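Let's take a walk through the aromatic rings of this structure. Have the viewer open and follow along.

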Amino acid sequence: MTTHEDLADHTLRAAVRKGRMNRRAWIVTGLLVAFQIINFADKAVIGLVAGPAMKELGLTSGQFGFIGSAFFFLFSIAGIAVGFIAGKVPTRWILLTMGVSWAVLQFPMLFGGGAAVLLVTRILLGAAEGPATPISLQHAQAWFSPKERGLPSSVVAAGSAVGPIIAAPLLAWVIANPDLGWRWAFGLLGIVGLLWTLAWLMLGREGPYGHAGAPAEKPGAEVNAGPKTDVGSETDTNGEANLNAKSSIADYSDLLRMVPIRRVLGSWMFVVALLAGAGCFWAQGFLSTWSPKYLSSVVDLKPEMIGLVSTFPWIVGAGALLILGFASRYLMKRGVTVRWAMGALFGATLLISGLCFTVLPHMHGYGAVGFLTVGAGLALIYPLAPTAIAFCVCSKQRAAVMATLTGFASIGGVIAPAMVGMLMDRAGYLANPQGAGDTAEMASRLADGMNSSFILIGIYLTCVGLLSVVLLNPDRTARTLQKKFSFSG
């Protein structure tokens with residue numbers, strides 16, 4: 001017979017255990033933020049070294065744009081493959097493997113690699129970083145209950161925007177330092193990557209809400225010790241989720257059963273998320289490759305200012321992710337569906353981004369900097385898309401769905417650098433072979449090429465933003481899939 005003292009003792013032990021898990025959850029989240037910071041610093045470095053690297057390696061704008069795009073050649077293939085593997089292998093070890101790979105691939109350029117080495121290492125680095133966002137989101141979500149996942153997911157995602165904020169000024173200083181130079185920008189990233197790997201080896205663990213979590217730590221492991229109160233979670237006699245049309249899928253996320261992945265990938269929700277994600281990756285590709293050149297030649301900023309101003313869009317992106325993360329958490333705790341708490345917020349933000357890009361070609365000087373900052377910054381909210389669609393599948397399938405989305409969406413990152421470089425070449429832009437600043441005529445041609453790309457991406461983001469508001473609906477997709485195709489994992 002259970003006494004009041006036994007119940008109180010059990011409640012105290014459960015509270016202590018929950019407090020320890022909560023601390024560990026945020027420690028792991030902090031390491032994943034650092035992981036994402038390194039991830040996007042690795043992307044940003046290619047744009048920061050554009051000037052001196054093109055000069056030393058004798059590259060044209062089109063050739064350098066091709067190298068920038070090369071980062072995404074294997075990005076999607078590796079991301080999708082690892083996403084499916086993550087349903088069977090603990091993500092802790094996948095993250096460790098990626099960290100080691102990123103670090104090692106930076107050092108060849110430090111030790112004198114040429115254009116061919118730069119091309120190959122960027123391709124391999126892209127493959128190693130392809131699974132980064134979905135795997136880090138999957139790992140973070142495994143530490144939090146469904147209604148709590150929006151905030152930590154956004155915090156981890158914000159690391160992707162914080163990366164260039166921290167890295168751009170530091171790497172710009174390294175590149176400008178005559179005792180170091182642009183090659184040491186790669187070396188510094190390699191050293192930081194090795195330090196993160198060591199920290200993750202010591203502190204990284206699997207979360208209780210994931211498929212690989214320790215059984216003793218699984219939510220509900222103490223169900224026999226006391227009553228279970230899970231507000232809003234209803235199950236039928238077979239233990240399956242009873243998904244009523246009026247409630248949010250967040251109430252039932254951990255009760256979902258496996259469904260055919262192809263049905264998820266063929267849904268309108270996934271298609272719209274993919275198209276929107278491609279637009280987000282386009283903005284990332286531009287910021288990582290061509291933004292410093294735009295600020296130098298079109299806006300005519302001094303070299304010491306470029307590193308600072310290059311961080312502005314990433315600051316906006318980090319702020320947007322955190323604000324949207326808090327907003328989605330607030331809304332879902334009050335019963336708002338994932339569609340409105342995440343999907344609609346994501347789409348509305350992309351709509352504003354598209355309008356800014358559309359107006360950008362008509363702006364000059366600091367006005368252009370402002371519209372580029374807001375437009376590109378708001379397009380950095382891509383991680384909200386995989387976070388939203390992850391609600392429509394069970395924990396074993398989250399990584400596969402998020403990785404497949406990220407892999408195909410990354411095509412936008414492949415297109416952006418090459419597209420901008422081609423439009424610049426078509427406009428007649430030629431880089432000064434002596435490495436000096438562009439003439440007024442060349443700066444004008446560069447602006448013409450880039451403005452053409454801004455108009456195209458502006459229209460595109462406006463359209464996919466509207467579609468996301470209407471069709472990015474994980475709640476409806478989950479209900480449909482569970483009723484038609486669910487089966488035991």
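Which ring does the charged end of Arg-92 sit over? Pull up Trp-93: the charged end of Arg-92 lies over the ring of this residue, 4.3 Å from its centre. Keep in mind that this is a predicted model.

Now for the rings among themselves. A pair of aromatic rings is described by two things, the distance of the centres and the angle of the planes. The count here comes to 17 aromatic pairs. One of them joins Phe-35 and Trp-196, with 4.8 Å from centre to centre and 40 degrees between the planes. Planes under 30 degrees apart count as stacked and those over 60 as edge-to-face, so a pair in between goes down as tilted, and that's the label Phe-35 and Trp-196 get.

In sequence, these two partners are 161 residues apart, and their pair links distant parts of the chain. Phe-35 belongs to helix α1 (residues 4-48), while Trp-196 belongs to helix α9 (residues 183-203). Phe-35 is buried, at a relative accessible area of 1%, and Trp-196 is buried too, at 6%.

Next, hop over to Trp-282 and Phe-286. Their ring centres are 5.9 Å apart and the planes are at 5 degrees, so this pair is stacked. Both residues are in helix α11 (residues 268-289), and because they are four residues apart there, about one helical turn separates them. Trp-282 counts as buried at 4% relative accessibility, and Phe-286 does so at 0%.

Zoom out a little from that pair: Trp-282 and Phe-286 form one aromatic cluster with Tyr-294, Phe-357 and Phe-454.

Definitions and conventions:
Residues numbered from 1 in each chain as written. Predicted model: local features only at pLDDT ≥ 70, side-chain atom pairs only at ≥ 80, totals over all residues. Heavy atoms only, no water. Phe/Tyr/Trp six-rings, centres within 6.5 Å; stacked < 30°, edge-to-face > 60°. Helix = DSSP H or I, 4+ residues; strand = E, 2+ residues; numbered from the N terminus. Buried < 20%, exposed > 50% of the residue type's maximum accessible area, 1.4 Å probe, protein only. Lys NZ or Arg CZ within 6 Å of the ring centre and 35° of its normal.
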